[in-house]
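Me: Please take a close look at the aromatic ring pairs in this model. I should then like to see the charged contacts and the backbone treated in the same connected account.

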Amino acid sequence: MPDRRALIGRSYESTGLRVDADASSAYAEAIGDDPADHLRHGTASPFYAVRLVAPLWRTIYQSPELNTRDQLVLHAEQRMRVHRELRVGDRLTGRVSVTDVVGFGFNDAAIVHSVLLDRDDRPVVSMDSTLAVRGSTGLPPAPRRAGPPERGPLATRLRRVFDAGAPARYADAADDHNPLHLDDDAAREAGHPSRIVHGMCTLATGVSALVAALRKRRRERLVDLHARFSRPVLPDSAVDFVAHTSPVAHTYVVGASLDGRPVLKNCWLRLSGED
């Protein structure tokens, strides 16, 4: 097996990334947002950040040190901090680095830190992503992080349907054409019954809808998010999302389930609470 830990410290950068009106509208539509609402306010979904760094993520998981194929890489966990809104026309720099390679169940996982920076080198969106890679090389697991805050009363509940075309639409919108999501044979090779919906599509669709239902004013926005992808979603599925209040201000504990079985775990979000 390769020395996957040789990737630790590897970093990549891409300059001149642009928040494009058409591309950000396509992304909004792919996750069930209203593109016209974003354009009316001159903003993009915060999740559009994943499209901007997608080529850099591919550089990491296609590196020879991981010795794997695209369909054997699975997005396992995601943390996001939105420092400010993505604005249509923004010119940004993307930087990603591998901060660790750890054991992850029966597999290994690369921990990837990504940040989008404005022209003054100030962060706009930062993310920490766990990319699980098929096969274990006996690495120790990452230290356990704190769980979500205590769950309070139900704040809102909603359902979103991921139809047969959802993976292809999201693949185009997010620049993520991993065959795991587009080809049944490739998905079966990875151990799934058929192609699966992108984890980020599930997360972005549900969280965007929850934020719209929870916020009391238009200026309230997502500022923090954590989620672990516990079960893949197949096309032609309906996922139930819930948000519960918590003792932490503007913070909600999130659940997502398919036929009563969780597809997200350890999930919470925080809104800005702006007036």
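Reply: Rings of Phe, Tyr and Trp (its six-membered ring) are paired if their centres lie within 6.5 Å; planes under 30 degrees apart are stacked, those over 60 edge-to-face, and the rest tilted. By this rule there are two aromatic pairs. One of them joins Y27 and Y48 in an edge-to-face arrangement, with 6.1 Å from centre to centre and 80 degrees between the planes. This pair bridges distant parts of the chain, the two residues being 21 residues apart. Y27 belongs to helix 1 (residues 21–30), whereas Y48 lies in the loop between strand 2 (43–44) and helix 3 (49–61). Helices (H or I, at least four residues) and strands (E, at least two) are DSSP runs numbered from the N terminus.

The model is predicted: local features need pLDDT of at least 70 and side-chain atom pairs pLDDT 80 or more, while totals for chains, interfaces and linings use all residues. Numbering runs from 1 along each chain as its sequence is written, and side-chain values use heavy atoms, without hydrogens and water.

Y27 is buried because its relative accessible area is 0%; the term denotes under 20%, with exposed over 50% and partly exposed in between (1.4 Å probe, protein chains only). Y48 is likewise buried, because its relative accessible area is 1%. Ring pairs extend the grouping to Y170, so that Y27, Y48 and Y170 are linked into a cluster.

The charged contacts may be taken next. The count of salt bridges (a side-chain nitrogen of Lys or Arg within 4 Å of a carboxyl oxygen of Asp or Glu) comes to 18. In one of these, E65 is joined to R10, with 2.9 Å between the closest N and O atoms. This contact also links distant parts of the chain, its members being 55 residues apart. E65 sits in the loop between helix 3 and strand 3 (73–82), and R10 in the segment before strand 1 (11–18). Their surroundings may be stated separately: E65 is buried, because its relative accessible area is 17%, while R10 is partly exposed, because its relative accessibility is 27%.

D20 forms a salt bridge with R18, the closest N and O atoms being 2.7 Å apart. D20 is partly exposed at 24% relative accessibility, and R18 is partly exposed at 37%. The side chains of R84 and D90 also meet in a salt bridge, at 3.0 Å from N to O; here R84 is buried, and so is D90.

Salt bridges further connect E13, R95 and D121 in a network. D121 leads from the charged contacts to the backbone. Its phi is near 65 degrees, a positive value in a residue other than glycine. D121 is placed in the loop between strand 6 (107–117) and strand 7 (123–133), and it counts as partly exposed because its relative accessibility is 44%.

H250 presents a positive phi as well, near 65 degrees, and is a residue other than glycine. The place of H250 is in the loop between strand 10 (237–245) and strand 11 (251–258). With a relative accessibility of 39%, H250 counts as partly exposed.

To return to the request, the Y27–Y48 pair is edge-to-face and belongs to the cluster that includes Y170.
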